[in-house]
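Biologist: I'm new to reading structures like this one. Could we go through it together, one question at a time?

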Amino acid sequence: VFIGDSPTSLAASAVPVTFDGKYPKDWQRALDWIEENVAEDEVVCSWWDYGYWITSMTGKITMADGATQYKRQLENIGMIMLSPQNESIQRLSKYEAYYILVFYTFNPNYPGDPRGEWPFGDNGKWHAMASIAGLDPLEYIDMSTGIPNAKFENTAIYNLMHQTVDPQYFELKFASANEYVMIYKIHYDSLVTE
């Protein structure tokens, strides 16, 4: 394999698998959507890995990127992702984030099946999110099967990745062609009544 035959992570949407001989364009389309639909002052929350892509390719504001030195910021994002949705929305409100982005990779032949997940997206990174947030990743896994348990299924990240969000908090605004990158509008209206 020649280096020229392997695209950069972004060009392959961070998924090193081809479909009909082509790499998926999920990230490129998501970045196009952000550039066209997110206002200059609207903050996008995502795991820090994607912050550079969002900022450099769209000029939009993110909560963190690879240069974020403030460890507490990464802890906060980890807590946003690993908290139940009603707690996640409270944390997000402190940052006035408008959108939240998740990256979920899976074999398209096995959608929704934990055994068909690929470890390239947030489904492979949530363990690190939990650890950085000071949480024990093992509390979110059924130790007999290695599959995430009910506690994990109650987290914001799980529901964002699986498009099972509570609509009073999150509204899907963009899903890429393979549904690897999803962008949700954050709704804070419910905070007034809670």
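Biologist: Is Asp 49 buried, partly exposed or exposed?
Modeller: Keep in mind that this is a predicted model. Asp 49 has a relative accessible area of 25%. Buried would need under 20% and exposed over 50%, so Asp 49 counts as partly exposed.

Biologist: Which residue does the side chain of Asp 49 meet in a salt bridge?
Modeller: Look for a nitrogen-to-oxygen pair, here at 2.7 Å. Asp 49 sits in the loop between E1 and H2, and its partner lies in helix H5, so the pair ties together parts that are 76 residues apart in sequence. That partner has a relative accessible area of 19% and is buried. The residue is Lys 125.

Biologist: Okay, so which residues of helix H5 are buried?
Modeller: H5 covers residues 122-132. The buried ones cover an arc of only 160° around the axis, which puts them on the same side of H5. They are Asp 122, Asn 123, Lys 125, Trp 126, Met 129 and Ala 130.

Biologist: And what do the buried residues of H5 pack against?
Modeller: It's a mix of helices and strands. The strands are E3 (97-103), E4 (141-142) and E5 (147-148). The helices are H3 (71-82), H6 (150-153) and H7 (156-161).

Biologist: Which residue with a positive phi follows H5?
Modeller: Go past the end of H5, which covers residues 122-132. There you find a phi near 85°. It belongs to Gly 134.

Biologist: You mentioned H3. Where do Glu 75 and Arg 72 lie, and how many residues apart are they?
Modeller: Their side chains meet in a salt bridge, 2.9 Å from N to O. Glu 75 is buried at 15% relative accessibility, while Arg 72 is partly exposed at 43%. In an α-helix, residues three or four places apart point the same way, because there are 3.6 residues a turn. Both lie in helix H3, about one turn of the helix apart, which here is 3 residues.

Biologist: One more pair: which residue does Glu 40 meet in a salt bridge?
Modeller: Glu 40 lies in the loop between H1 and E1 and its partner in the loop between H2 and E2, so the pair ties together parts that are 20 residues apart in sequence. Glu 40 is exposed at 54%, whereas the partner is buried at 4%. The N to O distance is 3.0 Å, and the partner is Lys 60.

Biologist: How many salt bridges does the structure hold?
Modeller: We've met a few, including Glu 40 with Lys 60 and Lys 125 with Asp 49. The count for the structure is 6.

Definitions and conventions
Residues are numbered from 1 along each chain as its sequence is written. This is a predicted model: local features need pLDDT of at least 70, side-chain atom pairs count only at pLDDT 80 or more; totals for chains, interfaces and linings use all residues. Side-chain values use heavy atoms; hydrogens and water are left out. Buried means under 20% relative accessible area, exposed over 50%, partly exposed in between (1.4 Å probe, protein chains only). Helices (H or I, at least four residues) and strands (E, at least two) are DSSP runs, numbered from the N terminus. The arc is that of the directions from the helix axis to the C-beta atoms. Contact means heavy atoms within 4.5 Å. A salt bridge is a side-chain nitrogen of Lys or Arg within 4 Å of a carboxyl oxygen of Asp or Glu.
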